[in-house]
Amino acid sequence: MSRQIIVAENAGFCFGVKRAVDMTVEYNKKKESRVYTLGPLIHNDDVVKSLEEECIFRIDNIEDIAKLKPGDTIVIRSHGTTPDIIERLKQTGAKLMDATCPYVSSIQRKARKYYGEGYQIVIVGDPNHPEVVGINGWCNNTALVTRDGSELKELPQKVCVLSQTTEKQSYYEKTLEAVSRLAEDVLAFNTICSATGERQGSADEVSKRVDLMIVIGGKQSSNTRKLYEICSANCKNTLLVENVNELPEWIVTNPDFKVIGVTAGASTPDWVIAEVINKLKSGNAE
Ligand code: SF4
């Protein structure tokens with residue numbers, strides 16, 4: 001029997017990441033200036049390496065902003081950044097290319113607006129994630145960042161709840177319950193991106209009916225790790241790999257794995273997914 005490979009719908013690049021990569025690569029082709037990205041453009045080492053081959057380099061340390069020269073171009077990635085950093089970038093004289101995902105920009109605008117109207121901003125998410133750090137900057141770094149609201153004990157009366165775009169729905173709902181108990185005037189915006197929900201939903205569905213589930217994505221990518229968690233709960237043989245080189249040979253050739261599911265995080269390009277699928281097909285089950 002030949003091996004069946006089921007690729008989850010909505011696997012791989014989301015709209016915002018594809019937009020940021022395309023904007024940067026297209027601009028770089030004009031060779032008008034040296035192009036840098038503020039942090040890795042996306043959480044995928046293969047993509048970052050291929051960008052470096054095209055002379056698009058990343059600036060990881062914020063202090064290195066000062067080394068930018070007038071005429072250079074600096075790209076703000078899809079996660080966005082804080083107004084303070086935008087100001088510092090402008091002061092270098094470098095050209096700014098804002099590739100912030102429009103969905104993330106919309107959350108930043110909400111944070112700024114409701115902070116200005118006296119609301120305490122609560123963000124459901126990871127306090128260290130660059131998207132959350134960026135959103136927090138738009139409310140003067142005053143947001144309370146929570147994973148699921150369980151540690152919130154006291155709140156002002158006016159609260160506005162926002163969410164990291166890649167957050168789990170259940171964490172958002174738990175936070176909203178907690179906030180509704182503690183505050184009187186609650187504004188809540190479920191800003192979880194539909195791309196995330198759709199990707200998680202199809203990974204959930206596929207991982208329930210396979211012998212082996214492969215999740216492809218960067219180890220630093222939070223949306224990839226969430227896919228891994230969802231798939232592991234359904235399929236005990238779930239493996240997270242960054243690219244085809246991390247696929248163990250014993251997995252590829254194991255005849256017990258007759259139906260294999262594949263999904264990929266938002267930062268995984270199509271060519272990386274295709275290489276993994278081809279390798280899995282090469283080890284067809286008997
Ligand atoms: S997951 Fe959604 S919000 Fe985040 S970059 Fe992708 S499209 Fe934009």
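**Close-up 1. Ile121 and its bridge partner in a predicted model.** In this predicted model, Ile121 finds its bridge partner in E8, and that partner is Cys160. The two strands concerned, E6 (residues 120-124) and E8 (residues 158-163), run parallel and are joined over five bridges. Helix H4 (residues 102-116) packs on the sheet here, where it touches E6, E8 and E9. The direction of H4 makes about 170 degrees with that of E8.

**Close-up 2. The open four-stranded sheet.** Step back a little and the strand order reads E7-E6-E8-E9, with parallel pairing in an open sheet. Strand E7 (144-146) and strand E9 (185-188) are at the edges with a single partner strand each, so one side of each has no neighbour in the sheet. From one strand to the next, the twist averages 20 degrees. Have a look at helix H5 (residues 130-137) too: H5 lies across E6, E7 and E8 and runs at about 170 degrees to E6.

**Close-up 3. The largest nonpolar core.** Ile121 turns up again in this view, as one of the five residues that touch the most other members of a 24-residue core; the others are Leu68, Ile74, Leu89 and Leu162. Which elements give two or more residues to this core? They are strand E2 (35-38), strand E4 (73-76), helix H3 (83-91), H4, E6, H5 and E8. Domain 2 (15-100) and domain 3 (103-192) each provide at least three residues to this core.

**Close-up 4. The surroundings of Leu162.** Leaving aside residues up to four places away in sequence, Leu162 touches Ile107, Lys110, Ala111, Ile121, Val122, Ile123, Val124, Ile135, Phe189 and Thr191. Another core, of 18 residues, lies apart from the largest one, and its members include Ile251, Val262, Ala264 and Ile277.

**Close-up 5. Where domain 1 meets domain 2.** The protein chain is divided into three parts: domain 1 (4-12 + 195-282), domain 2 (15-100) and domain 3 (103-192). How far apart do the C-alpha centres of domain 1 and domain 2 lie? The separation is 29 Å. Eleven residues from domain 1 and seven residues from domain 2 take part in the contact. Together, domain 1 and domain 2 bury about 710 Å² between them, with 50% of that area on carbon and sulfur atoms. On the domain 1 side, three residues are worth picking out: Glu242, Ser267 and Trp271 supply 51% of the area that domain 1 buries against domain 2, more than any other three residues.

Terms used. Residues numbered from 1 in each chain as written. Predicted model: local features only at pLDDT ≥ 70, side-chain atom pairs only at ≥ 80, totals over all residues. Heavy atoms only, no water. Pairing = 2+ DSSP bridges. Axes fitted to C-alpha atoms, helices over the stretch in contact; angles between N-to-C directions. Contact = heavy atoms within 4.5 Å. Core = buried A, V, L, I, M, F, W, Y, C linked by side-chain atoms within 4.5 Å. Buried < 20%, exposed > 50% of the residue type's maximum accessible area, 1.4 Å probe, protein only. Domains from an automatic or database assignment. Buried area = accessible area lost by both parts, 1.4 Å probe.
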